[in-house]
Amino acid sequence: DMEKVMALNYFSAVLPSQAVGRLLAENGEGAIVNIGSIAGGQPLSRSLTYSNAKAAIASFTQWLAVHMAQEYSPRIRVNAVAPGFVLTDQNRFLLLDERSGELTARGETIISQVPMRRFGEPHEIATLALLLASPRASFLSGAVIPVDGGFTAFCGV
């Protein structure tokens, strides 16, 4: 099971980065945007291997940013978006009660640790990814940026 989780959540970033990286090296410029998770910096208590995979993406993103800039072109950038808790069809059953639409106990626990007191929306992740891929982020490389409603900034005290 751990190998499957690593394949899905780590190698799914490494392999495309290698393929795109080859093209960018030939072109001399461009951007790679990986998708990590806040779990890469703060391991989730119920998701050790997922957290490990996302930590590996953060490390890989930083390493690849330096490698591409130094070995191929300083105009090649590599960054990652680190989403927090985003409500999607994949996790809705964990966070919302199917019948009432109210937060589950786990959903309540999460929201209590998010200063903005809500889940993220997919478009909020996509907006940052588009910015990182654009020329407007021309001096941003090696960054792993959380989009988490303040979750990683909140110590709970």
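This briefing describes a sheet of strands, two helices that lie across it, and one residue of the second helix. The model is predicted. Its sheet is open and consists of three strands in the order β1-β2-β3, paired in parallel, while helix α1 lies across β1 and β2 and helix α2 lies across β1, β2 and β3.

**The sheet**

- The strands at the edges are β1, covering residues 30-35, and β3, covering residues 144-147, and each of these pairs on one side only.
- On average, and with direction ignored, neighbouring strands of this sheet are turned by 25 degrees against each other.
- Strand β2, made of residues 76-83, runs parallel to β1 and is joined to β1 by six bridges; in β2, Ala80 is the bridge partner of Asn34.
- In general, the strands of a sheet are paired through backbone hydrogen bonds, in either a parallel or an antiparallel manner.

**Helix α1**

- Helix α1 spans residues 2-27 and runs at about 175 degrees to β1, lying across both β1 and β2.
- With 26 residues, α1 reaches 36 Å from its first C-alpha to its last, which is close to the 38 Å expected at 1.5 Å a residue, and α1 bends by about 45 degrees at Phe11.
- The buried residues of α1 are Asn9, Tyr10, Ala13, Val14, Ser17, Gly21 and Leu24, and these buried residues pack against β1, α2 and β2.
- After α1 comes Gly28, which has a positive phi near 85 degrees.

**Helix α2**

- Helix α2 spans residues 48-71 and runs at about 165 degrees to β2, lying across β1, β2 and β3.
- The 24 residues of α2 reach 34 Å from the first C-alpha to the last, close to the 34 Å expected at 1.5 Å a residue.
- Among the buried residues of α2 are Thr49, Ala53, Lys54, Ile57, Phe60, Leu64 and Met68, and the buried residues of this helix pack against α1, β1, β2 and β3.
- In general, an α-helix has 3.6 residues a turn, so residues three or four places apart point the same way.

**A residue to look at: Thr49**

- Thr49 has its place in helix α2, and Thr49 counts as buried because its relative accessibility is 12%, where buried means under 20%.
- When its neighbours within four places in sequence are left aside, Thr49 is in contact with Met2, Val5 and Met6.

Definitions and conventions. Residues numbered from 1 in each chain as written. Predicted model: local features only at pLDDT ≥ 70, side-chain atom pairs only at ≥ 80, totals over all residues. Heavy atoms only, no water. Pairing = 2+ DSSP bridges. Helix = DSSP H or I, 4+ residues; strand = E, 2+ residues; numbered from the N terminus. Axes fitted to C-alpha atoms, helices over the stretch in contact; angles between N-to-C directions. Contact = heavy atoms within 4.5 Å. Expected span 1.5 Å × (residues − 1). Buried < 20%, exposed > 50% of the residue type's maximum accessible area, 1.4 Å probe, protein only. Bend = angle between axes of the 7 residues up to and from the residue.
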